[in-house]
Amino acid sequence: MGQTLIVHDEKGYILSVINGQPEPREPQGAPFLWVDIPEGKRLKITDGIGVDVSVTPPQAILEDIPPSETELIKEENLTLKLAIAELAETQEQAKLETQLALAELAESLHGGDE
C-alpha cells in the first residue's frame, strides 16, 4: 500500500491524510508522521484525534477493519457447512450402529432356533 503521510496538530487532531503517487511532500511548520497501515487495519479517528501524541515519537492510532457483510456471510456459510458435515457423519454412524444391532438381533434370533 505504501506509506501514508499524516499531518496533525500538537493535540493529535488530524489535519490531513495523504498517500499515493507521486509521494506526498512533507509539510513545513506542521507536525507529521509517515505510517505503514497494515492490511486489515485503518486509521482510528475519534473526535478528529487520530494520532497519539502522549508517546515519543507520536504514533498513529490504528484499529482493525471490521469484517464486511460478505465476509460475515462467508464465515456463517462455512460454519453451516461444517455443521451439516458433522450431522451427516453422526447420522451415518447411527445408521451403522442400527444395522449392526439388527444383524446381532437377527443372528441371536436365528441362533436361538437351532
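How many bridges join strand β1 to β3? In this predicted model, the count is 5, and the two strands run antiparallel. Strand β1 covers residues 3-8, while β3 spans residues 32-36. Two pairs of residues help to place this pairing on the chain. Valine 7 has phenylalanine 32 as its bridge partner in β3, and leucine 5 stands opposite tryptophan 34.

Strand β1 also pairs with strand β2, which is made of residues 14-18. Here 4 bridges join the strands, and the arrangement is again antiparallel. Histidine 8 finds its bridge partner in isoleucine 14 of β2. The connection between β1 and β2 is a hairpin with 5 residues between the strands. Within that turn, glycine 12 adopts a positive phi of about 95 degrees.

Taken together, the 3 strands build an open sheet in the order β2-β1-β3, with antiparallel pairing. The edges belong to β2 and β3, each of which pairs on one side only. On average, neighbouring strands of the sheet are turned by 25 degrees against each other, direction ignored. As a helpful reminder, strands of a sheet pair through backbone hydrogen bonds, either parallel or antiparallel.

The edge strand β3 deserves a second look for its two faces. Leu33 and Val35 make up its covered face, whereas Phe32, Trp34 and Asp36 lie on the uncovered one. In a regular strand, side chains alternate between the two faces of the sheet. Two residues of the uncovered face have already appeared in the pairing with β1: Phe32 is the bridge partner of valine 7, and Trp34 stands opposite leucine 5.

Further along the chain, lysine 41 is found in strand β4, which consists of residues 41-43. Its relative accessibility is 31%, so lysine 41 counts as partly exposed. Once neighbours within four places in sequence are left aside, the contacts of lysine 41 are Glu63, Asp64 and Ile65. Serine 54 lies 13 residues from lysine 41 along the chain, and the C-alpha atoms of these two residues are separated by 21 Å.

The last feature concerns helix α1, which runs over residues 69-112 and includes leucine 102. Leucine 102 has a relative accessible area of 53% and is therefore exposed, the cut-off being over 50%. Together with Leu105 and Leu109, Leu102 makes a nonpolar surface patch of about 310 Å².

Notes
Residues are numbered from 1 along each chain as its sequence is written. This is a predicted model: local features need pLDDT of at least 70, side-chain atom pairs count only at pLDDT 80 or more; totals for chains, interfaces and linings use all residues. Side-chain values use heavy atoms; hydrogens and water are left out. Buried means under 20% relative accessible area, exposed over 50%, partly exposed in between (1.4 Å probe, protein chains only). Contact means heavy atoms within 4.5 Å. Two strands pair if DSSP finds at least two bridges between them. Patches are made of residues with over 30% relative accessible area and no salt bridge: like charges are joined within 9 Å, nonpolar side chains (Val, Leu, Ile, Met, Phe, Trp, Tyr) within 5 Å. Accessible areas come from the Shrake-Rupley method with a 1.4 Å probe; for residues, only the protein chains shown count as cover. A salt bridge is a side-chain nitrogen of Lys or Arg within 4 Å of a carboxyl oxygen of Asp or Glu. Axes are lines fitted to C-alpha atoms, for helices over the stretch in contact, and angles run from 0 to 180 degrees between N-to-C directions.
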